[in-house]
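Trainee: Got a minute to go through this one with me? I'd like to start with the aromatic rings.

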Amino acid sequence: MTSNQFKSEMIALLPRLRRFALSLTRSGPDADDLLQDACTTALQKWQQYDPAQPFDRWMFRVVRNLWVSETRKRKVRQGAGQVDAEVAPELLAAGSADEVLEAKQVRGKVADLDQQLAQPLMLVCAEGYSYREASDLLGIPIGTVMSRIHRARKQLMTGLAMEEHRAP
């Protein structure tokens with residue numbers, strides 16, 4: 001597919017994309033902004049489109065992913081996107097003594113990780129950012145984010161397994 005063919009297909013799809021954006025945002029101006037961002041993103045990444053897949057599905061996914069990112073950003077801007085670690089239900093170590101000990105071990109192993117591995121791991125796994133958002137935040141390619149998270153998880157599993165074998 002050439003750049004001109006891509007643009008023609010996108011232009012033909014605009015009314016459907018706007019309706020979809022409007023269903024997501026529930027606001028005309030927000031839908032227009034979302035659609036503009038989606039078109040800009042699609043035009044920048046048009047070579048990533050695989051002609052073997054339906055074009056409309058690809059574009060709808062671009063719109064949806066941008067909307068999900070925007071809602072997350074809005075929550076953070078409004079103070080609802082971040083919670084102190086002390087009160088985050090995901091991080092509370094309530095339960096049996098074994099669960100508390102295991103949670104402390106995991107936190108200790110994460111603290112022991114190299115900062116290059118710990119940062120993307122915490123952004124994606126604890127803070128809920130997407131790989132792309134973590135990539136943008138850290139200023140590194142998305143593939144590097146995925147690789148570092150994989151290595152961090154592997155090191156955590158290895159470290160925890162070694163702890164388990166040492167325990168009586």
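Mentor: Sure, ground rules for ring pairs: rings of Phe, Tyr and Trp (its six-membered ring) pair if their centres lie within 6.5 Å, and planes under 30 degrees apart count as stacked, over 60 as edge-to-face and the rest as tilted. Bear in mind that this is a predicted model, where local features need pLDDT of at least 70, side-chain atom pairs count only at pLDDT 80 or more, and totals for chains, interfaces and linings use all residues. Residues are numbered from 1 along each chain as its sequence is written, and side-chain values use heavy atoms, with hydrogens and water left out.

Trainee: OK, how many aromatic pairs does the structure hold?

Mentor: Eight. One of them joins Phe6 and Trp46, a tilted pair at 6.2 Å centre to centre with 50 degrees between the planes.

Trainee: And where do Phe6 and Trp46 lie?

Mentor: Phe6 is in helix 1 (residues 3-25) and Trp46 is in the loop between helix 2 (28-44) and helix 3 (55-77), so the pair ties together parts that are 40 residues apart in sequence. Helices here are DSSP runs (H or I, at least four residues), strands likewise (E, at least two), numbered from the N terminus.

Trainee: Buried or exposed, that Phe6?

Mentor: Phe6 counts as buried, with 1% relative accessibility. Trp46 has 22%, so it counts as partly exposed. The cut-offs are under 20% relative accessible area for buried, over 50% for exposed, and partly exposed in between (1.4 Å probe, protein chains only).

Trainee: Which residues do ring pairs link into a cluster?

Mentor: Phe6, Trp46, Tyr49, Phe55 and Trp58.

Trainee: Switching topic: what's the overall make-up of the chain?

Mentor: Seven helices and zero strands. Of its 168 residues, 24% count as buried.

Trainee: At what angle do helix 1 and helix 2 pack?

Mentor: About 145 degrees, with their axes 9 Å apart. Those axes are lines fitted to C-alpha atoms, for helices over the stretch in contact, and angles run from 0 to 180 degrees between N-to-C directions. Among the helix 1 residues that meet helix 2 are Met10, Leu14 and Leu17, and the helix 2 side includes Leu34, Leu35 and Ala42. Contact means heavy atoms within 4.5 Å.

Trainee: Any sign of a nonpolar core in there?

Mentor: A nonpolar core is a set of buried Ala, Val, Leu, Ile, Met, Phe, Trp, Tyr and Cys residues joined through side-chain atoms within 4.5 Å. The largest one has 19 residues, and those with the most contacts inside it are Phe6, Met10, Leu17, Phe55, Trp58 and Met59. Helix 1, helix 2 and helix 3 are the elements that give it two or more residues. Helix 3 supplies the largest share, seven residues.

Trainee: What is Met59 in contact with?

Mentor: Leaving aside neighbours within four places in sequence, Met59 is in contact with Met10, Leu13, Leu17, Ala38 and Ala42. There's also a second, separate core of 13 residues, which includes Val110, Ala118, Ala152 and Leu156.

Trainee: Which residues are buried in helix 5?

Mentor: In helix 5 (residues 115-126), they are Leu117, Ala118, Pro120, Leu121, Leu123 and Val124. Just after helix 5, Gly128 takes a positive phi of about 85 degrees.

Trainee: And where is the place of Asp114?

Mentor: Asp114 is in the loop between helix 4 (97-112) and helix 5. With 44% relative accessibility, Asp114 counts as partly exposed. The C-alpha atoms of Asp114 and Ala152 are separated by 8.6 Å, and the two residues are 38 apart along the chain.
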